[in-house]
Amino acid sequence: MSNGVRPAFDETDVPAIAYLIGEMANRGRLLGRDKEDVRHHLQGFVVYEKAGRVVACGELRIHDPKRMAEVWSWAVEPSLEGFGYEVAVMIYLIKEARRLGVENVYTLSDRLKALGQLGFAPATAEERFML
């Protein structure tokens, strides 16, 4: 059994990822995604595995190589929020973006404190409405 962040392996990770996203979506914290959508984008996901159980996840989507990537579906088991699992996932995804040469990483989230500690800053109104 491993502990830590790893790329999502295969079909075996899909139910756990979909569950985490669903739990956060039910609380109004994320947009929901079904298993088929998770399966389709599985290559971009990483998970935090703790004692053989997936407890957090996130997906890196490259929008413009070398310029911009977005973290989607940044989710954690609700009972484990605040213990650092989701932060470890975000750090991993940021490092992966940098490894790929991506300059800017953004996400849509209500976890402002955690994101601020990771170096994210809220976007200005002008930035939020750019075309």
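This is a short talk on the fold of one protein chain and a few of its residues.

Good morning. What you see is a predicted model. How confident is the predictor in the protein chain, taken as a mean pLDDT? The mean is 90, and 94% of the residues reach 70 or more. Confidence is not even along the chain. Strand β2, residues 45-50, has the highest mean, at 97. Helix α5, residues 125-128, has the lowest, at 65. Keep that in mind when you look at α5.

Now the sheet. Five strands form an open sheet, in the order β1-β2-β3-β4-β5. The pairing is mixed. Which strands stand at the edges? They are β1, residues 4-7, and β5. Each has a single partner strand, so one side of each is left without a neighbour in the sheet. The strands are also turned against each other. Between neighbours the average is 25 degrees, ignoring direction.

Start at the β1 edge. Here β1 and β2 run antiparallel, joined by four bridges. Find P7 on your screen. The bridge partner of P7 in β2 is V46. Helix α3 packs on this sheet. Which strands does α3 touch? It touches β1, β2, β3, β4 and β5. The direction of α3 makes about 30 degrees with that of β3, residues 53-64.

Go to the other edge. Strand β4, residues 68-76, runs parallel to β5, and four bridges join the two. Opposite E70 you find Y106 in β5. How does the chain get from β4 to β5? It goes through helix α3, residues 85-99, in a right-handed β-α-β crossover.

Look closely at β5 itself, residues 104-107. In a regular strand, side chains alternate between the two faces of the sheet. Strand β5 shows this alternation. V105 and T107 point to one face, and they are buried. N104 and Y106 point to the other face, and they are not buried.

Next, two arginines. The first one I picked is R33. R33 sits in the loop between α1, residues 14-26, and α2, residues 35-40. Is R33 buried or exposed? R33 counts as buried, because its relative accessibility is 12% and the cut-off is under 20%. What does its side chain hold on to? One polar contact goes to the side chain of D37, at 2.6 Å. Another goes to the side chain of E59, at 2.7 Å. Beyond four places in sequence, R33 touches I21, V38, H41, F45, E59, R61, W72 and S73.

R61 is on that list, so let us turn to R61. It is part of strand β3. R61 is buried too, with a relative accessible area of 15%. Its side chain makes a polar contact with the side chain of H41, at 3.1 Å. Which residues are in contact with R61, leaving aside neighbours within four places? They are R33, H41, M68, A69, E70 and W72. You met E70 earlier, opposite Y106.

One last residue: G22, in helix α1. G22 is partly exposed, because its relative accessible area is 22%. Compare G22 with A123, which is 101 residues away along the chain. Their C-alpha atoms are separated by 26 Å.

To recap. The sheet has five strands, with β1 and β5 at its edges. Helix α3 packs on that sheet. R33 is buried, and R61 is buried as well. Thank you.

Definitions and conventions. Residues numbered from 1 in each chain as written. Predicted model: local features only at pLDDT ≥ 70, side-chain atom pairs only at ≥ 80, totals over all residues. Heavy atoms only, no water. pLDDT = per-residue confidence, 0-100. Buried < 20%, exposed > 50% of the residue type's maximum accessible area, 1.4 Å probe, protein only. Pairing = 2+ DSSP bridges. Right-handed = clockwise from strand over helix to strand, strands pointing away. Polar contact = N/O pair within 3.5 Å; in protein donor to acceptor, adjacent residues only side chain to side chain. Contact = heavy atoms within 4.5 Å. Axes fitted to C-alpha atoms, helices over the stretch in contact; angles between N-to-C directions.
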